Structure formats: C-alpha cells, structure tokens
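I opened this notebook to record two look-ups: the surroundings of the ligand, and the state of the cysteines.

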Amino acid sequence: MRKKIVAGNWKMNKTYPEAIPLLYGIKDNLFRSQNVAGVLKIIAPPYPYLHDFYESTKGIKNFYVAAQNCSSEESGAFTGEVSAAMIKSVGAQYVILGHSERRQYFNESEQDIMKKVDLALKHDLIPIVCTGENSQSRKENRQFEIVSKQLSESLFHLSPEQFAKIIIAYEPIWAIGTGLTATTAQVQEMHHSIRSFIETKYGSDIAGGVSILYGGSCNVSNSAELFSCSDVDGGLIGGASLKAEDFSNIIRSFPS
Ligand code: PGA
C-alpha cells in the first residue's frame, strides 16, 4: 500500500507571528477529524521556523516538517546557504527539491538537484522531488519526454534502496499558482507514465511503492477528484496550504 501524503509548501509567505497561528489552526482542524490519521501530513515553512514547527508537532501521528530546499554543498564558505545536515539537526524529516521556482529563478540544474538528493539521503532526509513541464512543452506534446529526462538525470543514479525512499511530485509549471489545474485525465496519464518509467529502471515493486503527488492549483474543490485517480497518492499544495481550513479539508479529501 502506497503512502497517502499531503504536503503544504508555504514558499516565502508568512512572518513568524503569522505562521504560528496558521500552524495551530491546521493542528486544531485536524484534531477534530479522526479519519486522517493514516495520511502523512507535511508542512514546509520557511527555514527559520523549522525547529519551532518540529517542536510543536512532534507528538502528532504522521505529522512532519519539511524544508523547501537545501544546499548542494555539504558545508563551508557558502554564505546564505542551508545544508541538509542543518535541516536534519533542527528536526525536519523531509526536503522539497527541484521545485520549478528553484529551477526557474535560481537556475537549478538536474546536476544540482542530483547533488541535493544525495546530500539529503546521506543526512537521512526524505526528498520530495518535483518534476513538470512548462506550457510550451505541453503545447508541443513533449511533457513525457521532459519529465522523463528530469527524473532520469536527477534520480536514476540512485540504488534501488535509495530510490525507494523518494517521493515524487508532478507539478506542471503552467498549473502552479495560476488557478489552471491540470485535468484529472492529464494528471492520471502523467502519473501513470512516471510510474511506468520508474518501472523500466527499478522494477515493478519499487515503481508500485513510490508515492507520486500532484501539485499545481490543487485546492478544496478539486482535490477529491484528483486524489481518486489510481496513480495519484496525494498533493503538494502551495496557495491553499496557507489557509488552515482549506489545507485540512484537502487532507480529508482522499476517497475512503
Ligand atoms: P500552488 O503551488 O498550489 O499554489 O499552485 C504548488 C507548488 O508550487 O508546490
């Protein structure tokens, strides 16, 4: 059985006094609901809040904290960078890597993402690796080629044991923050293709076990339909993760 996962990517939003009530709002909302205990809930706040978030959620079943990125270097003179070891040392268990905003605004290459994945695994962090095509590639029907290339270049050097730890997030760039969600047919088709592609390299057991999340304008009104697709194991949520009630309702929207 694959894990069901909902991860909230807060991006560069919320000051500390705003972030704490939002976290408590999410916790309160989830406490009122029994049927989400089996869903893995992950929140990725900005770096400075990681330790506090860890401290205030550590007793809650299946509730974890993630960083939104980590350095591709181990340690040293890299002003402004945050290492995988540091992230692990403040209590985070997951790290989002290769988000399209990192690729686009910070010029992250597959090579950089590969190095980050290796460091994350070395320091016992679980990488949530993002992949997805832009609108031009989708228009040219090159989405499968783009996603396969991203996955093979950043992940296919891993051993089967290492790969089995990875979580994948399919996030078509044209759907991120735009309100333009991919259709369920497009999402299912891509998730199925990702799983088949993984199978060619790692075999059916590993491919069948990897959780593949959808991200890109996933919200309370479309999450139930998206999560009902057979190859969709949850969501990576941006905008809607900044509202306690919406985020909690997305967590509740898996088919029972
Ligand atoms: P969105 O962002 O839900 O606001 O589209 C998703 C993401 O970037 O992870």
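Entry 1, polar contacts of the ligand. I worked on a predicted model. I looked up the backbone contacts and found a polar backbone atom of G239 at 2.8 Å from an oxygen atom of the ligand. For G238, I noted a backbone N or O atom 2.9 Å from a ligand oxygen. I then turned to S217, where a backbone N or O atom lies 2.7 Å from an oxygen atom of the ligand.

Entry 2, burial of the ligand. I computed 290 Å² of exposed area for the ligand taken alone, of which the protein buries 95%. I also checked the pocket assignment: the ligand sits in the second largest pocket.

Entry 3, the shell. How many residues surround the ligand? I counted 13, and I listed K11, H99, E171, G177 and S217 as the closest. By class, I recorded seven polar, four nonpolar and two charged residues in this shell.

Entry 4, disulfides. I searched for disulfides and obtained zero in the structure. Why is C70 not bonded to C130? The cysteine sulfur closest to that of C70 belongs to C130, but I found the two 12 Å apart, which is too far for a bond. The cut-off I applied to a sulfur pair is 2.5 Å. I repeated the check for C229, which is in no disulfide: the nearest cysteine sulfur, in C218, is 11 Å away.

Entry 5, exposure of these cysteines. Is C70 buried or exposed? I found a relative accessible area of 1% for C70, so I entered this residue as buried. For C229, I obtained 13% relative accessibility. The limit for burial is under 20%, and C229 therefore counts as buried.

Technical notes:
Residues numbered from 1 in each chain as written. Predicted model: local features only at pLDDT ≥ 70, side-chain atom pairs only at ≥ 80, totals over all residues. Heavy atoms only, no water. Near = heavy atom within 4 Å. Polar contact = N/O pair within 3.5 Å; in protein donor to acceptor, adjacent residues only side chain to side chain. Areas by Shrake-Rupley, 256 points an atom, 1.4 Å probe, with all protein chains shown as cover. 1 Å grid on protein atoms, 1.4 Å probe; cavity = no way out; pocket = protein on both sides within 12 Å on 5 of 7 lines; lining within 4 Å. Sits in = over half its atoms within 2 Å of the grid points. Nonpolar A, V, L, I, M, F, W, Y, C, P; charged D, E, K, R; others polar. Buried < 20%, exposed > 50% of the residue type's maximum accessible area, 1.4 Å probe, protein only.
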